[in-house]
Amino acid sequence: MEQINGRFAPSPSGRMHLGNAFCALLAWLACRSAGGRMTLRVEDLDPNRCKPDYAWRLMEDLEWLGLDWDQGPRPGQPPDRYWQSWRGELYGQALDKLEEQGLLYPCFCTRAELHAAQAPHASDGLFVYDGRCRGLSPERRRELAQKRRPALRLAVPAERIAFADGCQGLFGQDLQTECGDFILRRSDGAWAYQLAVVCDDAAMGVNQVVRGRDLLSSTPRQLLLYRLLGLTPPRFYHIPLLLSPGGRRLSKRDGDLDLGGLREKMRAEELTGVLAWLAGLLEKPRPLQPRELIPLFDWGKIPRRDIQLPAGLFCEK
């Protein structure tokens, strides 16, 4: 039987909140319950929002929760190959392979132009790119390049890609009508998440990905990239999101229920017990260490729909 290689790959754009901790716990349990190895990766692609201090604090919060990892960075150590900001050469090699297949083209559209011309996809509010730059002539591309540095987009085929998610079940997406040609490198030179996550998971031997349900719609695009790059995709499990008592998604930007405030209110075992209860692993919250939950973990217990926090369980900021 193939060894499970799981991962937790947070973005250090702020203090880890309750929803991040929920995802980290379930990713850890899914891996450890199968006797697998755990990788921690820092997804710091956005230099404007991601800071090393946030990453180190995030690692300290994971250690406080009792969630360990077999390979990856450590608190206080300088960035290395487990930080995406250090992995640009790998992404460049992947981009070259796609370029050789004639699948990339420059896009000169600004965000304002895209939003003014396109309607969001009804199911998730995401904008579907209409491919307007795909057919530009070489002369027009050279003309536009003198005014603006382009992003690089992948031309997607007229194809529906479906897969069986380990938590949400069967999910599929028509790439052209529900996604459109998507960016692999931004106009400012930053690498896009879709390309980086595929390259990194494949290079690090990750074969089990547990992440939030908000990334479910990204998976068909990533499966396309796995195929085009000749890589083997992992098994995906998209878990429900935690919502505030008012039904709002938790966000780092809003400072909702972050680990800084939670650590002042309760012990790590108490928080773990609450998270396990929300995940359906316990009938009621009780203090437990993560390793005590390993024999209780079962994907059949994890709900599919998002989980609204009961009023009074935590105080919103």
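## The β4–β7 pairing

Let's start with a single pair: L154 has F182 of β7 as its bridge partner. The structure here is a predicted model, so please read what follows as a description of that prediction. Strand β4 covers residues 151–154 and runs antiparallel to β7, with three bridges between the two.

## The sheet around it

These strands belong to an open, three-stranded sheet in the order β3-β4-β7, paired in the antiparallel sense. At its edges lie β3 (104–107) and β7 (182–185), each of which pairs on one side only. On average, and with direction ignored, neighbouring strands of the sheet are turned by 45° against each other.

A helix joins the picture too: α8 (residues 219–228) packs on the sheet and touches both β4 and β7. Its direction makes about 55° with that of β7.

## The largest nonpolar core

Moving on to the cores, the largest nonpolar one has 50 residues. Those with the most contacts inside it are F8, L18, F22, L26, L62 and W299. At least two residues each come from α1 (18–32), β2 (37–40), α2 (52–65), β9 (235–239), α9 (259–265) and α10 (268–278). Of these, α1 gives the most, with twelve residues.

F8 is a handy place to look around. Leaving out residues up to four places away in sequence, F8 touches M16, N20, C23, A24, M38, T39, L40, R41, L58 and L62.

## A second core

There is also a separate core, this one of 32 residues. Among its members are L45, L104, F182 and L224. F182 brings us back to the opening pair, as the bridge partner of L154.

Note on methods. Residues numbered from 1 in each chain as written. Predicted model: local features only at pLDDT ≥ 70, side-chain atom pairs only at ≥ 80, totals over all residues. Heavy atoms only, no water. Pairing = 2+ DSSP bridges. Helix = DSSP H or I, 4+ residues; strand = E, 2+ residues; numbered from the N terminus. Axes fitted to C-alpha atoms, helices over the stretch in contact; angles between N-to-C directions. Contact = heavy atoms within 4.5 Å. Core = buried A, V, L, I, M, F, W, Y, C linked by side-chain atoms within 4.5 Å. Buried < 20%, exposed > 50% of the residue type's maximum accessible area, 1.4 Å probe, protein only.
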